[in-house]
Amino acid sequence: MPEFYAEISKSRENDRATSPAIAAGAARAITDEEEVEFGVRSRLITGGEVSVSQRFTTTDTNRTSYIPCEQTESRSVISLVQPLLRGSGVAQNDSPRRIANMDTQIAVEEFRRQSESHLLETERAYWNLYVARAVFIQKSHLAAHGHRLAGQVRNRSEIDADPVLISRAAALAAQWRADSVRAKAAVDTAEFRLAALVNSPKMGPGNVELLPASAPNGALKILSVEDTLEEIFVNRPELQQAILQYEAALLREGMAANESLPELDLILEASLSGGADGRDISGAFSNSDNGDGHIVGLKFSVPLGFDERDARYKRRRLETIQQERQVLSVISTILAEVNVSANEYIISTQDLTAQRRAQQAAQRDLSTLRNRWNDGVGEGQNIAVLSALLDAYERAQLNEQSVVTARSTREIAAANLARARGVLLQRWGLRPQLVNDVRGQPTYKLSKKR
């Protein structure tokens, strides 16, 4: 990026005149000098610096070597300083820009990682609310069945109901009512948790009831190992971050290696100069008797003792090795997460199948006992049948709860597997998008894919 620069200075020399001829007989040789320099300079991608400048110098002195004693000089200069060792090369000078771009991409990947973690927690809270509401409904139905059975037993107190039977039915009905109250409290807690994660003003404190709008959507498509590995290497933000950090470490190591080289610079300069009497700046610049000159040279330097640049280079080499091992560690961790989450999903699917079979068996048992109770039982068997019926209601409710929990667990396992594969955002059709905030500053947010 070119830059404009300007410098202005004023100086005075007041020396003893060692000869009468130096200052026309004066005891002191006095020289006042005013200098103004301005121009444009720019860094080159090769590491060099090119500049175009204009300098005006006005000198007022009593020295006899200046005739007249006040005069103005101008000097137009174009110069180039090009490093040949330290600081040279396109790769060396373009590395800061490339590292900055990598840091930006690392920040985007970190945003994706945190977004996926938050989205996973939100989905887990959603399915926990789904379970809590289902359990509340089941507990409410169980409490209604208990209240109805307790009333039936109480109405048969004058016929064949035993006092023990009446008290047990009433006790279970009260317990099931209390369970429904606790289930309602669990629903409220799940709603508060989901509202806190969503952080929407519409879901703030107030008379707002959150109802799950979607049911579990079934099984996932089983992917091959090759497809899963490709998804991991392309989409998993932690791996992308580690790879970018490793590439940035390589660039920093290369920069440190270049900076540890000796300094050898090529210097090229060409100039035009002119002068005028008095303070005539325009005359000095347009003087037809301008002189010219040039400089061609080399500048070399090398440290003779300890140089911190060598120590910095060794440190960068160690950082590169650490980042390489970090990439391998991240890959191992991600593969382990994928294996664990895939196994959890498979087990949750198998558990859901088993829980459904258990629920069907419990419902058949409940239906049989309920029909037997409604049809009437023999003398002395009412206590045993009612006890079995109450136990069957409780078992049926527990099995229904287990099925709902298993369905929710499978959905959470599917989301966790999608996060392990790096496709959780794609699963919900989301993508990071660069937008401007209220202050006009760039920021990232999640938006729906169109």
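This briefing describes the strand pairing, the nonpolar cores and one helix of the structure shown above. The model is predicted. Its strands include an open sheet of six, with antiparallel pairing, while the largest nonpolar core has 20 residues, and the elements that give two or more residues to this core are the helices α1, α2, α6 and α7.

**The sheet**

- The six strands of the open sheet follow the order β1-β2-β3-β4-β5-β6, and their pairing is antiparallel.
- Because β1 (3-16) and β6 (291-301) stand at the edges and have a single partner strand each, one side of each is left without a neighbour in the sheet.
- With direction ignored, neighbouring strands of this sheet are turned by 20° against each other on average.

**Pairing from β1 to β4**

- The antiparallel pair formed by β1 and β2 (residues 28-43) extends over 14 bridges, and within this part of the structure Asp15 has Ala29 of β2 as its bridge partner.
- Strand β2 is joined to β3 (residues 49-61) by 13 bridges, again in the antiparallel sense, with Arg43 standing opposite Glu49 of β3.
- The hairpin of β2 and β3 has five residues between the strands, and in this hairpin Gly47 takes a positive phi near 100°.
- Twelve bridges link β3 to β4 (residues 70-83), which pair in the antiparallel sense, and the bridge partner of Asp60 in β4 is Glu70.

**Nonpolar cores**

- In the largest nonpolar core, which has 20 residues, those with the most contacts inside it are Trp176, Trp373, Leu386, Leu389 and Tyr393.
- Two or more residues of this core come from each of α1 (90-155), α2 (163-198), α6 (308-375) and α7 (382-421), and α7 gives the most, with seven residues.
- When residues up to four places away in sequence are not counted, Leu386 touches Val153, Leu165, Ala169 and Trp373.
- A second core, separate from the one above, has 17 residues, among them Val131, Ala132, Leu210 and Ile412.
- As general background, nonpolar side chains tend to be buried together in soluble globular proteins.

**Helix α1**

- The 66 residues of α1 should span 98 Å at 1.5 Å a residue, and because its end C-alpha atoms are 96 Å apart, the computed span agrees with that expectation.
- At Pro96, α1 bends by about 35°.

Notes: Residues are numbered from 1 along each chain as its sequence is written. This is a predicted model: local features need pLDDT of at least 70, side-chain atom pairs count only at pLDDT 80 or more; totals for chains, interfaces and linings use all residues. Side-chain values use heavy atoms; hydrogens and water are left out. Two strands pair if DSSP finds at least two bridges between them. Helices (H or I, at least four residues) and strands (E, at least two) are DSSP runs, numbered from the N terminus. Axes are lines fitted to C-alpha atoms, for helices over the stretch in contact, and angles run from 0 to 180 degrees between N-to-C directions. A nonpolar core is a set of buried Ala, Val, Leu, Ile, Met, Phe, Trp, Tyr and Cys residues joined through side-chain atoms within 4.5 Å. Buried means under 20% relative accessible area, exposed over 50%, partly exposed in between (1.4 Å probe, protein chains only). Contact means heavy atoms within 4.5 Å. The expected span of a helix is 1.5 Å times one less than its number of residues. The bend at a residue is the angle between axes fitted to the seven residues ending there and the seven starting there.
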